[in-house]
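Student: Before I use this model, I would like to go through the terms applied to it and ask what justifies each one.

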Amino acid sequence: MKNDFPQPSARRQVLKQAMAVSALTLTGIAGLSVPTVSFAASLSKEERDKMTPDDVIERFKQGNLRFRENRPVKHDYIEQKRSSASGQFPAAVILGCIDSRAPAEIILDAGIGETFNSRVAGNISNNDMLGSMEFACAVAGAKLVLVMGHTACGAVKGAIDNAELGNLTGLLDKIKPAIEKTEYSGERKGSNYDFVDAVARTNVELTVKDIRSNSPVLKDLEDKGKIKIVGSMYHLVGGKVDFFEVPK
Ligand SMILES: [Zn+2]
């Protein structure tokens with residue numbers, strides 16, 4: 001009987017073949033902008049498990065560089081969908097803002113099955129987000145918790161301006177501690193985007209600390225070296241994601 005589902009070794013072979021084809025294409029059509037590699041399948045358990053948290057960060061740095069240089073890998077989403085349907089082995093969980101301009105998978109050039117994504121205005125943590133991240137790491141085996149803020153964040157600006165609207169008021173209150181903790185000598189107003197960005201960075205740092213304080217599950221995994229909990233800022237202008245460690 002023919003097995004319709006390629007085993008991991010066969011999947012790697014498919015990937016190698018796809019890469020070889022892409023390389024040939026590059027050679028054959030010099031001067032045209034074509035993807036350099038093809039990600040044919042989603043991450044396998046074997047591929048994910050052998051990565052360290054630092055490997056995952058490096059993978060994202062490379063993906064963000066490809067994004068900025070407009071040379072993303074040629075994702076085979078149909079194959080990624082097919083190969084991940086029976087099981088997922090994501091490398092990271094990302095806590096990012098809902099901002100339409102900051103889609104983590106695109107700006108990190110990641111595929112289907114590669115990242116868990118929690119999104120909420122101002123990338124703040126709460127018990128439900130913590131539960132999601134605990135599932136991602138302690139149950140599903142993700143190696144990295146990445147908190148991702150971004151420049152010109154409307155939620156951060158709203159917190160600085162004391163905006164009030166329905167349930168949004170309470171959410172913005174969770175960002176406000178970052179305003180006080182941000183050392184800044186210029187104008188501390190929402191109209192000053194340099195200040196907004198400084199507060200957004202502080203907000204990421206506080207979110208990382210909140211995660212450690214309020215999730216013994218994740219803190220324990222981090223203390224054992226099984227995961228890392230790190231911060232990052234996505235720059236809308238230029239497209240760079242800066243990764244940074246937050247001291248314990
Ligand atoms: Zn935002």
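Tutor: The model is a predicted one, and its protein chain has eleven helices and seven strands. Of the 248 residues of the chain, 44% count as buried.

Student: Why is cysteine 97 called buried?

Tutor: The term buried applies under 20% relative accessible area, and cysteine 97 has 6% relative accessibility, so it counts as buried.

Student: What makes histidine 150 buried or exposed?

Tutor: Its relative accessible area is 1%, which is under the 20% limit, and therefore histidine 150 is buried.

Student: What makes Cys97, His150 and Cys153 donor residues of the zinc ion?

Tutor: A donor is an N, O or S atom within 2.8 Å of this metal. The zinc ion is coordinated by SG of Cys97, NE2 of His150 and SG of Cys153, at 2.1 to 2.3 Å, so these atoms meet the cut-off. Water is not among the atoms, so the site may look incomplete. Along the sequence the donor residues follow the spacing C-x52-H-x2-C. Cysteine 97, in the loop between strand 3 (92-96) and helix 5 (104-107), and histidine 150, in strand 5 (residues 144-150), are 53 residues apart, and the pair links distant parts of the chain.

Student: How do you know that Glu79, Gln80, Ser83 and Ser84, which are buried in helix 4 (residues 77-84), are on the same side of helix 4?

Tutor: The arc they cover around the axis is only 120°, which puts them on the same side of helix 4.

Student: Why is the pairing of serine 42 with serine 83 called a polar contact?

Tutor: A polar contact requires a pair of N or O atoms within 3.5 Å, one able to donate a hydrogen and the other to accept it. The side chains of serine 42 and serine 83 make such a contact at 2.9 Å, so the distance satisfies the limit. Serine 42 lies in the loop between strand 1 (38-39) and helix 2 (45-49), and with a relative accessible area of 4% serine 42 is buried.

Student: Which residues touch the most other members of the largest nonpolar core?

Tutor: That core has 41 residues, and those touching the most other members include Met133, Val156 and Ile175. Helix 10 (residues 193-214) supplies the largest share of this core, eight residues. Another core, of 19 residues, lies apart from it, with Leu43, Met51, Ala91 and Tyr234 among its members.

Student: Which residues is valine 156 in contact with, leaving aside its neighbours within four places in sequence?

Tutor: Valine 156 is in contact with Ile175, Val196, Val199 and Ala200, once those neighbours are left aside.

Note on methods
Residues are numbered from 1 along each chain as its sequence is written. This is a predicted model: local features need pLDDT of at least 70, side-chain atom pairs count only at pLDDT 80 or more; totals for chains, interfaces and linings use all residues. Side-chain values use heavy atoms; hydrogens and water are left out. A nonpolar core is a set of buried Ala, Val, Leu, Ile, Met, Phe, Trp, Tyr and Cys residues joined through side-chain atoms within 4.5 Å. Buried means under 20% relative accessible area, exposed over 50%, partly exposed in between (1.4 Å probe, protein chains only). Helices (H or I, at least four residues) and strands (E, at least two) are DSSP runs, numbered from the N terminus. Contact means heavy atoms within 4.5 Å. The arc is that of the directions from the helix axis to the C-beta atoms. Donors are N, O and S atoms within 2.8 Å of the metal (3.2 Å for Na, K and Ca); water is not among the atoms, so sites may look incomplete.
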